[in-house]
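Welcome! Take a moment to look over the sequence and the fold before reading on. We will start with a strand and then turn to two helices.

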Amino acid sequence: MNTFALTVMMYHYIRDPGDAAGMGSGIAGLPVARFDAQLDDLTRRYEMISWADLRDGLLGSDRGAALPSQACLLTFDDGVRDHYLNAFPALRARNLSGLFFALARTEGDGLALGHKIQLLLARLGPQDLRQAVWSRLTPDRRQAFVWAEERYAASDHAGLVEVAEVEVLKLVLQRELSRDAEGILGELTAKHVGPEAEVADEFYLTQHQVAEMAAEGMHFGGHSRNHPWFDWVGAEGQTQEIEASAAWLRRIDPGPWPFAYPYGGYSAESPALLQAGGFAAAFTTEPKTVHVDPFLIGRMDGELLMADGR
Ligand SMILES: [Zn+2]
């Protein structure tokens, strides 16, 4: 395979404290002024490309060679309201196109598990959330919880104890305890955040917003329906999630589409499953700017960039 150079920026929440995108959740994000400054800096240093440019480059005979030498693509994960309220106006003002990886959900659906975790962490903090989950587990599941915690804590080399504790809790709830967590966190969300379907309808893009963004040059890609770790759900689970994304995307774009792995997780079979499902590329969260496999394109996290964009 040919390698190709491409800087792909990855964004999640873009919001200021107290603004409409945050809807009082307390979830922090990249401040809008810093996002604006990054866009200005990136447009000076790179040739900005769209998903359509990349798709044409990847599907051409000399894969990637048709891309500009300093190419940059902007991507946004999770289909959150921030992308309509704060990212879309900033892109439109600069005549830029973004690639938005939205979840294959419809209005009235609840929140993905990962987002319930984020909302509850912002509301309760890691210790109270852990305790609230723990108190609702059977003795068997408490044992599974502790084993999973030990496994992730042992594999952490980050150093900062407080950060590691949150990351361990997230991983346990997203993986080993995900089935238990769906019900328990649904109950906790209703208690501490609000009626889940109503919260979700304010949290995610509406179909109307998606249509407006697509009509103005924004592109959409798949990010699954339930946002599981793809290395955790098996080939059958991945296929269901990929099919859900394809069905959602088909209403907007005939494809082939791009995909972003939820949490950046994937398994050896993920690229082939995506290709079979009508996708032409997939993005990880590994910070790379030279890529070998179009189904394992790395990305740089915009939240980790310095204030001056470097
Ligand atoms: Zn995501």
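Which residue in S4 is the bridge partner of Val 8? In this predicted model, that partner is Leu 73.

**A strand with neighbours**

Val 8 belongs to strand S2, residues 7-11. S2 runs parallel to strand S4 (residues 71-77), and five bridges join the two. Strand S10 (residues 300-301) is also parallel to S2, joined to it by two bridges; here Met 10 has Asp 301 as its bridge partner.

Five of the five residues of S2 are buried, so the strand is largely enclosed by the rest of the structure. Both of its faces are covered: one side carries Thr 7, Met 9 and Tyr 11, while Val 8 and Met 10 sit on the other.

**Two helices**

Now for the helices, set side by side here.

| Helix | Residues | Length | End-to-end C-alpha distance | Expected span |
|---|---|---|---|---|
| H4 | 113-134 | 22 residues | 17 Å | 32 Å |
| H7 | 178-192 | 15 residues | 19 Å | 21 Å |

The H4 ends are short of the distance a straight helix would reach. H4 bends by about 105 degrees at Gly 125, and Pro 126 follows within four residues. Its buried residues include Leu 113, Ile 117, Leu 129 and Val 133.

H7 comes close to its expected span, with a bend of about 25 degrees at Ile 184. Ile 184 is itself buried, as are Ala 181, Leu 185, Leu 188 and Thr 189. After H7 comes Gly 194, which has a positive phi near 150 degrees.

Definitions and conventions: Residues numbered from 1 in each chain as written. Predicted model: local features only at pLDDT ≥ 70, side-chain atom pairs only at ≥ 80, totals over all residues. Expected span 1.5 Å × (residues − 1). Bend = angle between axes of the 7 residues up to and from the residue. Buried ≥ 20, exposed ≤ 12 C-beta atoms within 10 Å, placed from the backbone. Pairing = 2+ DSSP bridges.
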